[in-house]
Structure formats: C-alpha cells, structure tokens
Amino acid sequence: MTDAAVVRLSRPAARRVALAAQGFARARPTAPGIRDLQRVVDIVGVVQIDSVNVLTRSQYLPFFSRLGPYDTGLLDRARDRAPRRLVEYWAHEASLVPPRTWPLLDFRMRRARSDAWGGMQRVARDHPDLVEAVLDEVTRRGPLTSREVEASLAHDHPRSSDHWGWNWSLVKNALEYLFWSGQLSSAGRTAQFERRYAHPARVLPLDVRAEALDPGARPAEEEAFRRLVEIAARAHGVGSEQCLRDYFRLTPQQARPAIAALVADGTLLPATVDGWHRPVYLHREARRPRRVRARALLSPFDSLVWQRDRVRAIFGFDFRLEIYVPEHLRVHGYYVLPFLLGDELVARLDLKSDRRAGVLRVQRCTWEPGRGGPDDAAELDAELDLLAGWLGLAAVG
C-alpha cells in the first residue's frame, strides 16, 4: 500500500465522518415513525441494553438522540412482536440487533461451554438433565420469564451470590446458558426488565429463520467476521482496528483477517487522522460532510461513545463510565450523558428522572473548557426541555 493511497483526515473532518455514520448529520423528523426507527437500526447496527433505569432504559435513548421525541412503544413492538425488526443477543454487550445479524454470531453461541460465565458453564457441565428440562419447557410453553420457568418446574435450588451481586438459581443459569448458546432467544422484556425466553423459531422472522435455525446453514466464521467488521466499519465511518473489533467484541485474531480482506477488496481505505496515533480505516461509502449541526444528549451506552480511545482522539473528550465507581470517587456523577452540539462534545450531565415529583433532575453539569456560554446554555436548555417532555416529566430542575 503506497503512501499516496492513504486518506488523510483532520480531526474535525473525522468527527463529521463519525457523526454522519452514526446518523447525526440528518435533521430530526417532525413525527418519527417506525421507518425512522428502522433507519437508526440500519445505521448503528447494534443497540446496547442495560438494566439501569435512573433516567430511562438505555435502549430507548439512542433513538431519542437521533430522532427527538418518539413513541417508545414503536421500539417495544419492533422487539416484541412478529415480524420482529430487532432481536436480543450478546453482540457488543447485551444488545438488540437486526434478525439477520443473529446467525453471524453463531461462533459465540458454539463457544458457550468455554466462554460463558462460570455459573452457566457449571450448570451445563453439572446439571445437563436440568438444562434439557428447561429447554423443553420453554420450547413447549414459551415465552416464559425465569420465574415462570422456575414455578413451572417447581425447581428452586438455594441461590448463591458473588461480588457482582448476581443471585441466580440453577434454572436462571440454565436459561442464560441456553440463551448464550443460541438454543433459546428472547421474545422481549417485561416491564420489570425480565427476559421472556422463547425458542428461536418463535422469535426470528421467516426470512432468516431457515438460515438461523440450521447451524449448518449459518455463515462460516471467516465470512461472519468479515460481515460483522463491515457492519462496524459502516457504523464508525472511520475507526481503528480496536474500534472495528470492539463493536461486536471480536478478538484481534478474529478481526484482523476480516479487516485485511475488506482492505483488499476496497471496502476499507487506509487512513490517518491528525493526532490519532493509530492506523485507521475509512469505509469507502462513508459520508464526509462539511458541516454537522447536531444537538443531542447521548446515553452513556450510545455506540458513538463506546470506544473511549476514539472519543478522546477525535473529540478531545475523555469519557469514563462512573456507574460502577464508588460514589465518593466519582468525578462527574452516576448516570452521565455527553452533550453533542454541532460536531463537538461540549458538556456532560448527570441526569435523573424524579418520577414522583415529575422533574428531570440535573444533578451536575460540567462544560468542556471554553464552552458553556449563553448560546451553548440555551441549546442545552432546549434539549433538556425536549428530553423532559419525552419522558413525561413536567419540568427540569
């Protein structure tokens, strides 16, 4: 590869590429509908799930950030009702992905016995009869929550916990093993955020069911890795190897041959970004807008800010998730949302929905150096008002 073939980007240009790739270069629609949600799904490829509900469930926020106020019931229906536009699996972390992506993660399913967490491995190894009984029960009667399966089997072993605070019965571990291994899927979540386990045949749309349900018909690993990296590359616009493999939690050994193949066929263009001391890759179809006029509060689990090295390199924004940091050691707060204005991350806010009082609480706001003047503050106030209204809260305080 000659030096002339390398695309050179300034940091502002790289920011604009990144924002366009994540859907922030478009104006928000007036009345977002299911097609708008589908467009976001197609753009980002993966939406992370998290149980923290101090503001709202995290999967709802990336759509609000890109579309503005929308009916969250549309997202619930896309996940919970046939034909589903989203299914749940371990992609980045617990995530929603398009059904066509589910078979590409077969490599992770097949390694459940070695890669799943300890409790899942132990139940598969030590209690195969229970695992089989749980699979049979859900296949026949699902969708079922863990508690419903436990009640159905009348099987509630003493629970154990570790330093993460998990408190799962053997039945729950069996369900999670079957979910990880792809033998079960999720038909959605309850209002209490419990998975509703179901056989994949009940969950996956007809157009992907044949490929997904027959392990022999799923793409070979080499092809799956190439397609997953290509999804990641489109969603990044520009990113390093670390970015491209982190999107679906691939190892270097899995991602590097895929990246090389995508460079060889011209899908990825070698690039450099001023001040980013890593080789990076530009997707050949990445938009390179001259200006981005975005305004959004970002979930701490938004795919734009997953890869901290990239956020630091092109936005100059040092973002750290402090949810799991002891309170006295937190710098910016518990549930901190970066504030995107134009093509820069200009502030971070620790937000909380005080549902009883009907108030969106701004517990802390930290502006980046040189930001926070009257114009910035007016834009932030407008976005907070929009967020509060969408959450059904009467005021910002």
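Is His92 buried or exposed, and what is its relative accessible area? In this predicted model, His92 is buried, with a relative accessible area of 6%, and the legends below begin with the whole chain before turning to this residue and to other sites.

**Figure 1. Overall view of the predicted model, with its 17 helices and 14 strands.** The C-alpha trace spans about 60 × 60 × 40 Å along its principal axes, and the radius of gyration of 22 Å agrees with the value near 21 Å that a compact globule of 397 residues would have. Buried residues make up 55% of the 397 residues, while the accessible surface comes to about 17900 Å², of which 48% belongs to carbon and sulfur atoms. Among contacts between residues at least 6 apart in sequence, 63% join residues at least 24 apart.

**Figure 2. Surroundings of His92, in the loop between β3 (87-90) and β4 (94-97).** Leaving aside residues up to four places away in sequence, His92 touches Val46, Gln48, Asp246, Tyr247, Arg249 and Trp306. One of these contacts, Arg249, lies in the loop between α14 (241-246) and α15 (252-264); Arg249 is partly exposed, with a relative accessible area of 35%, and has a positive phi of about 55° although it is not a glycine.

**Figure 3. Contact of helix α1 (residues 11-21) with helix α13 (residues 221-236).** The axes of the two helices come within 6 Å and cross at roughly 120°. Val17, Ala18 and Ala21 of α1 meet Arg234, Ala235 and His236 of α13, and the residues of this contact divide into 4 nonpolar, 1 polar and 1 charged.

**Figure 4. Asp343 in the loop between β11 (336-342) and β12 (344-354).** Asp343 is buried, with a relative accessible area of 14%. When residues up to four places away in sequence are not counted, Asp343 touches Pro12, Arg15, Arg16, Leu19, Val292 and Phe315.

**Figure 5. Buried face of helix α7 (residues 118-126).** Gly119, Met120, Val123 and Ala124 are buried, and, seen down the axis of α7, the buried residues fall within an arc of 130°, so they line one face of the helix. These buried residues pack against α6 (112-115), α8 and α10.

**Figure 6. Buried and exposed residues of helix α9 (residues 146-153).** Ser146, Val149 and Glu150 are buried; they cover an arc of only 100° around the axis, which puts them on the same side of α9. The buried residues of α9 pack against α8 (128-141), α10 (170-180) and β6 (195-198), whereas the face turned away from the buried side carries the exposed residues Arg147 and Ala151.

**Figure 7. Backbone geometry at two cis peptide bonds and at Phe193.** A cis peptide bond with omega of about -10° joins Ala82 and Pro83, and Pro83 is placed in the loop between α4 (72-80) and β3. The peptide bond from Gly142 to Pro143 is also cis, with omega near 5°, and Pro143 is found in the loop between α8 and α9. Phe193, in the loop between β5 (185-189) and β6, has a phi near 75°, a positive value in a residue other than glycine, and at 14% relative accessibility Phe193 counts as buried.

Notes: Residues are numbered from 1 along each chain as its sequence is written. This is a predicted model: local features need pLDDT of at least 70, side-chain atom pairs count only at pLDDT 80 or more; totals for chains, interfaces and linings use all residues. Side-chain values use heavy atoms; hydrogens and water are left out. Buried means under 20% relative accessible area, exposed over 50%, partly exposed in between (1.4 Å probe, protein chains only). Helices (H or I, at least four residues) and strands (E, at least two) are DSSP runs, numbered from the N terminus. The arc is that of the directions from the helix axis to the C-beta atoms. Contact means heavy atoms within 4.5 Å. Axes are lines fitted to C-alpha atoms, for helices over the stretch in contact, and angles run from 0 to 180 degrees between N-to-C directions. Ala, Val, Leu, Ile, Met, Phe, Trp, Tyr, Cys and Pro count as nonpolar, Asp, Glu, Lys and Arg as charged, and the others, Gly among them, as polar. The radius of gyration is taken over C-alpha atoms; the globule rule is 2.2 Å times the number of residues to the power 0.38. Accessible areas come from the Shrake-Rupley method with a 1.4 Å probe; for residues, only the protein chains shown count as cover.
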